[in-house]
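Trainee: I would like a close look at a single part of this predicted model, followed outward into whatever surrounds it. Please take it slowly.

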Amino acid sequence: MSTHAKRERLLLADLLESAGPEAPTLCENWSARDLAAHVVVRERRADAAGGILVKPLAARLERVQAEFAGRPYEELIRLIRTGPPRMSPFALKQIDEASNTVEFYVHAEDVRRARPDWSPRELDPVFADVLWSRIERMARVLGRKSPVGLVLRRPDGRTAVAHRGTPVVTVVGEPGELTLFAFGRQDVAEVELDGDKEAIERLRAAKLGV
């Protein structure tokens, strides 16, 4: 049975393939090739992937990721499509769904929105609710570096407090857009910000996310 993570995985692979290896992404200085290598290493090289969160391991991660980036681009796309090896924790449906749904959604938008002619993707209500449930659980982690109080709010009024403090900025948008904002893609997230002008500017410039 298809899952949200599987659907987003295939969409990401298609977008990377159509963009080409040298296409820009929203991930700092990463090209599509670099992003593809990141996705593969995260799932297939647990010995190096810890460097994503653990600074002492970052040098090893960078080295292994560069090695994968040197592989044929078509191979990287194939590895993303086929998914992790059978013995990987990511091969378990529940872990894949919990760990990769948001990961692949955000990276798919990293590819889509780096193009000059991008347009917002309309999400089905079920998937939007799935993203919102993740945001509710992760809000405090994603907003921990916010320089101001940060509240995330859906148009229907449902709210998640990402960071306590003053002054407060309330970010209003659909779950997909709030996800992108909270993961540090403030410049491309289609949201409305309510709060003090200076606080809004500080929030837009902040490094949000994990």
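Mentor: Start with helix α8, which is mostly covered, 8 of its 8 residues being buried (that is, under 20% relative accessible area, with exposed meaning over 50% and partly exposed in between, for a 1.4 Å probe and protein chains only). The residues in question are P175, G176, E177, L178, T179, L180, F181 and A182, and the element itself spans residues 175-182 (helices are DSSP runs of H or I with at least four residues and strands are runs of E with at least two, numbered from the N terminus). Residues are numbered from 1 along each chain as its sequence is written, and side-chain values use heavy atoms, with hydrogens and water left out. Because this is a predicted model, local features need pLDDT of at least 70 and side-chain atom pairs count only at pLDDT 80 or more, whereas totals for chains, interfaces and linings use all residues.

The cover over the buried residues of α8 includes the helices α6, α7 and α9 (197-205), together with the strands β1 (149-153), β3 (168-172) and β4 (192-194). Just after α8, the backbone at G184 takes a positive phi of about 90°.

T179, one of the residues of α8, shows this covering in detail. Its relative accessible area is 0%, so T179 is buried. Leaving aside residues up to four places away in sequence, T179 touches V102, Y105, V106, L131 and I135, where contact means heavy atoms within 4.5 Å. The C-alpha atom of T179 is separated by 12 Å from that of F104, a residue 75 places away along the chain.

Two of those neighbours of T179, V102 and Y105, bring us to the boundary between domains. The domain assignment, which is automatic or comes from a database, divides the chain into domain 1 (3-114) and domain 2 (126-205). The C-alpha centres of domain 1 and domain 2 lie 25 Å apart, and 15 residues of domain 1 are in contact with 14 residues of domain 2. About 1200 Å² is buried between domain 1 and domain 2, with carbon and sulfur atoms giving 70% of that area (buried area is the accessible area, with a 1.4 Å probe, that two parts lose on being put together, summed over both). On the side of domain 1, V102, Y105 and R113 lose the most area to domain 2, and together they account for 46% of what that side buries.

R113 also takes us back to α8, since its side chain meets that of E177 in a salt bridge, at 2.8 Å from N to O (a salt bridge being a side-chain nitrogen of Lys or Arg within 4 Å of a carboxyl oxygen of Asp or Glu). Helices α1 (4-19) and α6 (93-112) each supply at least two residues of the side of domain 1 that touches domain 2, and α6 gives the most to that side, with 9 residues. The count of salt bridges between domain 1 and domain 2 is 2.

Beyond this boundary, the count by the same rule comes to 18 salt bridges, and helix α1 takes part in several that deserve a careful look. R7 pairs with D124, their closest N and O atoms being 3.2 Å apart. Because R7 lies in helix α1 and D124 in the loop between α6 and α7 (125-142), this pair ties together parts that are 117 residues apart in sequence. R7 counts as partly exposed, at 32% relative accessibility, and D124 likewise counts as partly exposed at 32%.

The side chains of E8 and R121 meet in a salt bridge at 2.6 Å, N to O. E8 lies in helix α1 and R121 in the loop between α6 and α7, so this pair ties together parts that are 113 residues apart in sequence. E8, at 0% relative accessibility, counts as buried. R7, E8, R121 and D124 are linked in a network of salt bridges.

Finally, D14 forms a salt bridge with R81, with 2.7 Å between the closest N and O atoms. This pair links distant parts of the chain, R81 being in helix α5 (residues 73-82) and D14 in helix α1, 67 residues apart. R81 counts as partly exposed at 30% relative accessibility, and D14 is partly exposed as well, with a relative accessible area of 40%.
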